[in-house]
Amino acid sequence: MDKNHDLYYDEISSLRKFRTKIDSHAVYKEDLDDFSNEYEELIAQAKVITRVSDRLQKKLDNANIQIKEQNDEIKFKNIELKTTIDQLAQARVGRKASTIMLTVALVLFIAEQLLLEPWIDANIDIPFAGLGILGILFVVVKILESSLEKYFMNKEKTKILEVEQKQVEGWS
Amino acid sequence: MEKIFIEPTRITPLINFDPDEGLLEMKGRSSPENSIEFYQKILDNLEEYAVSGGEQFTANIAFEYFNTSSSKCLFDVFKRMSRIEDSGKAITINWYYEEGDDDMMEAGEDYSDLLDLDFNFREMEED
């Protein structure tokens, strides 16, 4: 037993001394008084240490509850953030696809008006044939636009995943 | 008896023991790896002060946090102070605690009650 390493060095020493006295049948009233005083002091120590520990546990428990609440809030905020990022990406991708398809539609419309329309007028005798072709072109452009939107969205997601992967690699 | 000055760390408090001035200051956080090893020198010096120290003794204690084994060492520190008082010297113990830290104030009350020592409780404003 080492005085510098045993927290209860004094108490254990007293107990050993008293036991030695018991073994040698040399216990006097004075020894019993001393021992009972030391025992009383030990109870006082136990009281104060238990109270301090209880307070520490209470603090720790409250801190844990607070951390759990903050974690839940962070999770919720992350979901919100992800939804917002998705919406923003969707809007950006949608705009990009619309611009491309608008350009394509314009080119097709000019081509139809300049090349196809005169040919239809000269060779096909169906009323509103040119208008019908324009309608078909509109449907095709719309289908292409949503396909293009999906393609850009997938590309955007891959880009985000790659950035996240690089961040994870940077942390580890 | 010797002067003791220990700089505070993340896990040990500031210690300033000046036997000539009859002053002990302990301030900060206390959760050392080995509490008894950290406090033993102070305990030995206080023991000596009770026998051969000056007539006045002042302790300024301001803990933010202390762990369970430190609470046992603090009990021993106050027990030594009780002996200093029993030896007929005038003793003043100032127990500082941060504003609103009722737990720390109550810890001081526990030591004061159990060792029958008079503490001056002083609230500190948070930095």
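In this predicted model, contacts within chain B that join residues at least 6 apart in sequence reach at least 24 positions apart in 69% of cases. Of the 127 residues in chain B, buried residues make up 31%.

The secondary structure behind these contacts can be read in order. Chain B holds three helices and six strands, and along the sequence these elements follow the pattern β-β-β-α-β-α-β-α-β. The six strands form an open sheet with mixed pairing, in the order β1-β2-β3-β4-β5-β6 of chain B. At its edges lie β1 (4–6) and β6 of chain B, each of which pairs on one side only, and the twist from one strand to the next averages 15 degrees.

Three of the pairings in chain B are set out below, each with a pair of residues that stand opposite each other.

| Strands of chain B | Sense | Bridges | Residue pair |
|---|---|---|---|
| β2 (residues 14–18) and β3 (residues 23–30) | antiparallel | five | D18(B) and L23(B) |
| β4 (residues 56–66) and β5 (residues 90–98) | parallel | seven | F57(B) and I91(B) |
| β5 (residues 90–98) and β6 (residues 119–124) | parallel | six | Y96(B) and R122(B) |

How does the chain pass from one parallel strand to the next? Between β4(B) and β5(B), which are joined by seven bridges, the path goes through helix α2 (residues 68–86) of chain B, and this β-α-β crossover is right-handed. From β5(B) the chain then continues through helix α3 (residues 102–115) of chain B to β6(B), in a β-α-β crossover that is also right-handed.

The two connecting helices can also be placed against the sheet. Helix α2(B) lies across β3, β4 and β5 of chain B, and runs at about 170 degrees to β4(B). Helix α3(B), in turn, lies across β4, β5 and β6 of chain B, where the angle to β5(B) is about 155 degrees. Strands β4 and β5 of chain B therefore appear in the list for each helix, given that both are crossed by α2(B) and by α3(B).Finally, chain B meets a second chain, with 16 residues of chain A in contact with 15 residues of chain B. On the side of chain A that touches chain B, the residues divide by class into six nonpolar, four polar and six charged.

Notes. Residues are numbered from 1 along each chain as its sequence is written. Chains are lettered from A and ligands numbered from 1 in the order in which they are written. This is a predicted model: local features need pLDDT of at least 70, side-chain atom pairs count only at pLDDT 80 or more; totals for chains, interfaces and linings use all residues. Two residues are in contact if their C-beta atoms, placed from the backbone, lie within 7 Å. Ala, Val, Leu, Ile, Met, Phe, Trp, Tyr, Cys and Pro count as nonpolar, Asp, Glu, Lys and Arg as charged, and the others, Gly among them, as polar. Two strands pair if DSSP finds at least two bridges between them. Helices (H or I, at least four residues) and strands (E, at least two) are DSSP runs, numbered from the N terminus. A crossover is right-handed if, with the strands pointing away from the viewer, the path from the first strand over the helix to the second runs clockwise. A residue is buried if 20 or more other C-beta atoms lie within 10 Å of its own, exposed if 12 or fewer, and partly exposed in between; C-beta atoms are placed from the backbone. Axes are lines fitted to C-alpha atoms, for helices over the stretch in contact, and angles run from 0 to 180 degrees between N-to-C directions.
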